[in-house]
Amino acid sequence: MARKDFLDIASLSREEVDLLLDQATPFKELFTRSVKKVPALKGKSVLMLFYEPSTRTLSSFEVAAKRLSADVIDLDVPHSSVAKGETVKDTVDTLQAMRADYIVVRHKMSGLPQAIARQTRASVINAGDGAHAHPTQALLDAFTLREVFPDLSGRKVLIAGDILHSRVARSTSSLLLKLGVEVGFLGPGSLIPRSGPEGIRKFTDFDEALRWNPDTVYLLRVQMERQDAQYFPGVQEYHRVYGVTRERLDRIQGEGIYIMHPGPVNRGVELCHEVMDYERSLINQQVENGIAARMAVLYSLKPQTDLEDADPGKI
Amino acid sequence: MPLILDEAAIGEAVASLVGEIRAVALRGRIAIVGVRSRGDEVAERVSAALKEQEIDHDYGVLDISLYRDDLSHLAENPKLQSSDIPFQVDGAHIVLVDDVLFTGRTIRAALDALTDYGRPARIQLAVLVDRGHREIPIQPDFSGVSLETARMDHVIVQLKKTDGGDAVELVSKQ
Amino acid sequence: MPILVKYKVEAMSLLIKGGKIAAEEGPLVPGDVLIVDGVIAAVGEGLDVPPEAQVIEAEGKIVAPAMFDAHVHFREPGQEYKEDIAHGTEAAINGGVTGVVMMPNTSPAIDSPAVVRSILERAREVSRIPVYTSGCITKNRVGGELSGIDGMRQLGVVMLTDDGDPVANPAVLKNAMEYATPFGMFFASHCEVAELSGPRALNEGKISYQLGIKGSPACSEEICMDRDIRLAHAAGAHIHIQHVSSAIGMETIRWWKKMGAEVTAEVSPHHLIFNEEDIGDYDTHYKMNPPLRRAEDNAALLEGLKEGVFDLIATDHAPHSTFEKEQDFVSAPNGITGLETALVSLYDRFVTSGQIGWDLIVKRYSAEPRRMMGLEVVPVEESKPADLIVFDPAGETTFSREFMRSKSINTPFLDQTLQGRVELVVRGSEILLQR
């Protein structure tokens, strides 16, 4: 896979998807060794450009990079003051001095990693941009699901919550569709896109959605901080109508349905406390697999920083 | 395509390796570790032969892609496969097995990989074909066949499980 | 910036020979055109060549009245790094345009006679073509106090608009309309409902979902169009709807015209040619306000242009620096340049395929815009002032950086080669452009 950047799922071919998923397994195997490091990225530098707060994704990427023996630089960006792309462009320009080989970007503006990727020879990895994409999340989700269902085609996954604002919903549904999984969206009518992707069933009623017989329910965090207007009348009503309540968990448990969540969870909103102890919750595996998936991505990309005759307009 | 070794010749080479390794295995427990790819298939055959003779030993497979010294220079990184080292490496007597020994860099990578699993007591090297042109001071302890080759020649090894048939071909780059 | 050369032909006598003359009505008519001292002296086939005349061969080429763009942004005063009157007018000439109407969302805004005066003076200094300007409806376009309407009127302003934004409070707009209409002024509307538009980045639909950006639904534009037309109708005002992007919105205009309301409307080349799918991978060359909508809208708007629902074509020429357009999609400013590419792109996309003819182009991009501004039209006819272009349908134009006269190059046509070429622009006794 001779690819410089990892920006979204849409641009991946089926072969690239299969390759990345297959590559995650040997990286997971490394975790059982006493020495978890391998020298594959020795001498390379990985720059973290996280404009949005995130402990779990940031540390997951850092661990992945360090286990590949790369040098990790965390550009401590003030979370609050960045609103305009200008500031990011100036930051990208100063990277010239650092000669970063990989840049991992998380930003609230959709499309920003794309803009950076066009302007730099480094490999750019999208760690989440606005409501657009979170491709490494999708990868670890598919990888986790494949551990339970080795043959994914024909399986059904119900993604529930604030679909409209969710980059996880977009990337994960996109990847699952590529793998032949049937995807359904469940959420309040105001949070389900009407011109959404083709081939996805849309539900606004949880019980009806469960009658569709999904193998897995993928819960999204209900994003209070992204909402400019009120899309539903408050968290209690949301939990009752669209959350995994105790009663729904009983039903889910009875039918052996798995539960996934990209984290962090909002207890009492999209799920009740008991879900965290549910034996068919894959939430912890998702976290574990995140490192392996991100190692696979870092390993599979090729930055152009070694090229001598590369475009002089790029840094 | 100039065929250098046919199925029979390969069988003889494997048998020769087995003979030498057997002697070592009888003196103390060894671990056969095949280097992917194709080194693992050779290791499988050696291991099967030892099992037939009821010589107990450990067995593992190593993928060295992550340890290669030329990753920065490749346009595309090699496809990674899992390694499988199910035994304790600390204190083990390991016999690394590979199909072709050439510059020695693959084995250097294998040594690095192995030592990240633990600290072996001893490591020996067994190769099916030694084609010379070392770039690193690494020599085999056991080799099935030695080939005279030119540096730019291609030595193509094919094995049943990986490629569908047994053959070693030498293609000269003129 | 090319050298500003004014070619004044001595005892000016210019013969454009062998071309085909375009007019608002009717087909192309072969004919020579003789211009003497800035006036069209004769039009006809096989004209005699006066001995002192400069002859320009126009065999196979179109001789058309020069174009007039009723919606341009020249960024002067305040943002001259993007564009200024000098460069903007040269860009106009480069595109076969000899008259423009500036929009008032400058800094300071054009909301008082003082600013109007400085603009007109500046234009006199640096521009080779007449420059008209609109004035704001409200001070600084914030939608509150009314601007210096009469003062601006005294300086020749006829169009009032808060372009860039709608007037949020309908009562303010209605009062302004009732006040200014008796002066003979008219209103132009940039239509959208601010609360619905989100970050004003792109159309709400399939692409906005894919790209993960909150889109502007077409109903935002449609609601405001409807509102502004009704207000104008109630106030007895002439309202001109700017840069229409929505097919349903266009039907609103059609209906109100049928009802006898005094409404005119414009459409831009980019809303006829491009749609949201062209945005691709967050390409800001396809980001403008109102946004590109769907292919169905392209088709419907073109039909509307042919049927006369749209009175004129206007580019909404919106220059921005490369640095600004290189930002992420939401942060990048809205708009593309249009003066230099409009005529060629319309020819390349629609005339070559026979969808529209030169009569429509002359009517909608030369004649009607002038009429709306109360100016004389400039047909290629005997005794009319010379204000014309020669267009080579067989030629090609490559919109390279070197070709552009504008300070900005934010156009989706950058480095593309299109069919058609503006070869000559003549106004009065001056050859403004000759290739």
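Begin by selecting chain A of this predicted model and colouring it by its domain assignment, which gives domain 1 as residues 14–131 together with 289–300, and domain 2 as residues 135–287. If you place a marker at the C-alpha centre of each of these two domains of chain A, the markers will stand 26 Å apart. Where the two meet, 26 residues of domain 1 of chain A are in contact with 25 residues of domain 2 of chain A.

Move next to chain C and colour it in the same manner: its domain assignment gives domain 1 as 7–63 plus 382–434, and domain 2 as 67–372. The C-alpha centres of these two domains of chain C are separated by 27 Å, and the contact between them brings together 33 residues of domain 1 of chain C and 48 residues of domain 2 of chain C.

Stay in chain C and select helix α1, residues 85–94; how many of its 10 residues are buried? The count is 10 of the 10, so the helix is largely enclosed by the rest of the structure. Among the buried residues of α1(C) are C:Ile85, C:His87, C:Glu90 and C:Asn94. To see what surrounds them, add β8 (97–102), α2 (113–126), β9 (131–133), β16 (417–427) and β17 (430–434) of chain C, against which the buried residues of α1(C) pack. Just after the helix, pause at C:Gly96, which follows α1(C) and has a positive phi, near 85 degrees.

The next stop is a pair of helices in chain C, α7 (residues 247–258) and α9 (residues 295–307), which pack at an angle of about 25 degrees with their axes 9 Å apart. Because angles under 35 degrees count as roughly parallel, α7(C) is described as roughly parallel to α9(C). Show side chains here, and you will find C:Ala247, C:Met250 and C:Arg254 of α7(C) meeting C:Asp297, C:Ala300, C:Leu301, C:Gly304 and C:Glu307 of α9(C). By character, the residues of this contact divide into 4 nonpolar, 1 polar and 3 charged.

Finish with the cysteines, bearing in mind that the structure holds 0 disulfides over all chains. Select C:Cys219, which is in no disulfide and whose nearest cysteine sulfur, that of C:Cys224, is 12 Å away; is C:Cys219 buried or partly exposed? With a relative accessible area of 32%, C:Cys219 is partly exposed. C:Cys224 is likewise in no disulfide, and the nearest cysteine sulfur to it, that of C:Cys191, is 4.2 Å away. C:Cys224 itself is buried, with a relative accessible area of 2%.

Key. Residues are numbered from 1 along each chain as its sequence is written. Chains are lettered from A and ligands numbered from 1 in the order in which they are written. This is a predicted model: local features need pLDDT of at least 70, side-chain atom pairs count only at pLDDT 80 or more; totals for chains, interfaces and linings use all residues. Side-chain values use heavy atoms; hydrogens and water are left out. Axes are lines fitted to C-alpha atoms, for helices over the stretch in contact, and angles run from 0 to 180 degrees between N-to-C directions. Helices (H or I, at least four residues) and strands (E, at least two) are DSSP runs, numbered from the N terminus. Angles under 35 degrees count as roughly parallel, over 145 as roughly antiparallel, 65 to 115 as roughly perpendicular and the rest as oblique. Contact means heavy atoms within 4.5 Å. Ala, Val, Leu, Ile, Met, Phe, Trp, Tyr, Cys and Pro count as nonpolar, Asp, Glu, Lys and Arg as charged, and the others, Gly among them, as polar. A disulfide is a pair of cysteine sulfur atoms within 2.5 Å. Buried means under 20% relative accessible area, exposed over 50%, partly exposed in between (1.4 Å probe, protein chains only). Domain bounds come from an automatic or database domain assignment.
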